[in-house]
Amino acid sequence: MNEKSISVAKLFDGERFYNNCRVTINNGKILAIEPNVADSQVNYQGLLVPGYIDLQVNGGGGVLFNSTPTVEGIKAIFAAHNKFGTTAMLPTFITDNVDQMALAAQAISDAINEGITGIVGVHFEGPHLSVAKKGAHSAEYIRPISEAEWEILSRKDLGKIIVTIAPETVQAADISRMVSLGIKVCIGHTNADYKTAQRAVDAGASGFTHLYNAMSALTSREPGVVGCALLNDHTYSGLIIDGHHVDYTSCEIALKAKAQGSVFLVTDAMPPVGTEDNKFAFFDRTVHLHDGKLTSTTGELAGSVLDMATAVKNCHKFAHQSLDEALRMASLYPANYINESHHRGRLTVNHCADMVLLDDNFNVQKTWVGGVQTYTT
């Protein structure tokens, strides 16, 4: 037995709020959540919430996953985001050569095998994308799928896998093959029309990567990929709510149009998160940070410096979602998408004790992963 208890002034379990609770943890899981005894000391003021789950994290702590595809690189990225409430993530490897992609896969496998805190899988954003909607991705590495990529995608030691594809460059049969391997296929960096996107959904694509960004828009005569995302309630969409990628009103429109629970928060974070850096090397370019916005020397938006704590605050304050809904968008809904909601995304018995303590301004005070405190102010 490895049992311990903490008491908190307020708790959100993923569904509702409670006052004055005692949480008992055993071997990394929640054993019980009970009303605190009236005369017991409250260990922590503030609000205890489920740990945040980020499914699109390119970097942090001064590290870009593509440039440092190692266990140490992954640990540095997670440590940077853990300070902002992230307790589980998919390190995200963007379009690159296949040898580097294989190194990234091996690093993920090693991290999972070694039990590195918070790493539950990998997101391959590319390389099978549209050059027309490549964003900051490098055109020279965008390519058709080959046996070399299939060898990587067929591995069974990578945890949860998301692959972002452009449906005009990947055959429906290949999407179905990915899904048969247990991969979550997301549509993104695409200039496809609505019918092409819908064929991909019919083939098994279940998500859309950073909704609105780097995809064909909804217009009067052509619904585009955005229209496909909004119409298909059974699909999920990641949303970057940083005030730079998507107008807050557009965020509200998506949240009103989509079924509740089908939009989750992502950061699309880059190396400066958790540092004071204002620029970093990115392939053959440099990305500069100015007024909270990352821009490549070639002019494109290049990811973000968003963290999950700020994403929650922005979602609540500027996209006008209730606090409980903003918290679910950071925890329960991404857990649902990657089929992890049986033990993540809620604070309930038998779930992982992945928890975040917030102050009255929703800033992170402490973080626990598997019942172990991993960050404190």
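A nonpolar core is a set of buried Ala, Val, Leu, Ile, Met, Phe, Trp, Tyr and Cys residues joined through side-chain atoms within 4.5 Å. Keep that in mind as you work through this predicted model.

**Exercise 1.** Find out how many residues the largest nonpolar core has, and which helix gives the largest share of it.

*Solution.* Start with the count: the largest nonpolar core has 94 residues. Next, look for the residues with the most contacts inside this core: they're Tyr52, Phe124, Leu153, Met178 and Leu265. Then check the helices: α2 (residues 98-113) supplies the largest share, 6 residues. Finally, look apart from this core and you'll find another one of 14 residues, including Leu11 and Met355.

**Exercise 2.** List what Leu153 is in contact with, leaving aside neighbours within four places in sequence.

*Solution.* Go along the chain. Before Leu153 you meet Met101, Phe124 and Ile145. After Leu153 come Ile161, Val163, Met178, Leu181 and Ile183.

**Exercise 3.** Work out how α5 and α6 lie to each other: roughly parallel, roughly perpendicular or oblique?

*Solution.* First get the angle: the axes of α5 (residues 194-203) and α6 (residues 224-231) cross at roughly 40 degrees, coming within 8 Å. Angles under 35 degrees would count as roughly parallel and 65 to 115 as roughly perpendicular, so α5 and α6 are oblique to each other. Their crossing is right-handed. Now see who meets whom: Tyr194, Ala197, Gln198 and Val201 of α5 meet Gly224, Val225, Gly227, Cys228 and Leu231 of α6. Sort these contact residues and you get 6 nonpolar, 3 polar and no charged.

**Exercise 4.** Say how many residues of α9 (residues 323-330) are buried.

*Solution.* Buried means under 20% relative accessible area. In α9, 8 of the 8 residues are buried, among them Asp324, Glu325 and Arg328.

Terms used:
Residues numbered from 1 in each chain as written. Predicted model: local features only at pLDDT ≥ 70, side-chain atom pairs only at ≥ 80, totals over all residues. Heavy atoms only, no water. Buried < 20%, exposed > 50% of the residue type's maximum accessible area, 1.4 Å probe, protein only. Helix = DSSP H or I, 4+ residues; strand = E, 2+ residues; numbered from the N terminus. Contact = heavy atoms within 4.5 Å. Axes fitted to C-alpha atoms, helices over the stretch in contact; angles between N-to-C directions. Parallel < 35°, antiparallel > 145°, perpendicular 65-115°, else oblique. Left-handed = near helix turned anticlockwise from the far one by under 90°. Nonpolar A, V, L, I, M, F, W, Y, C, P; charged D, E, K, R; others polar.
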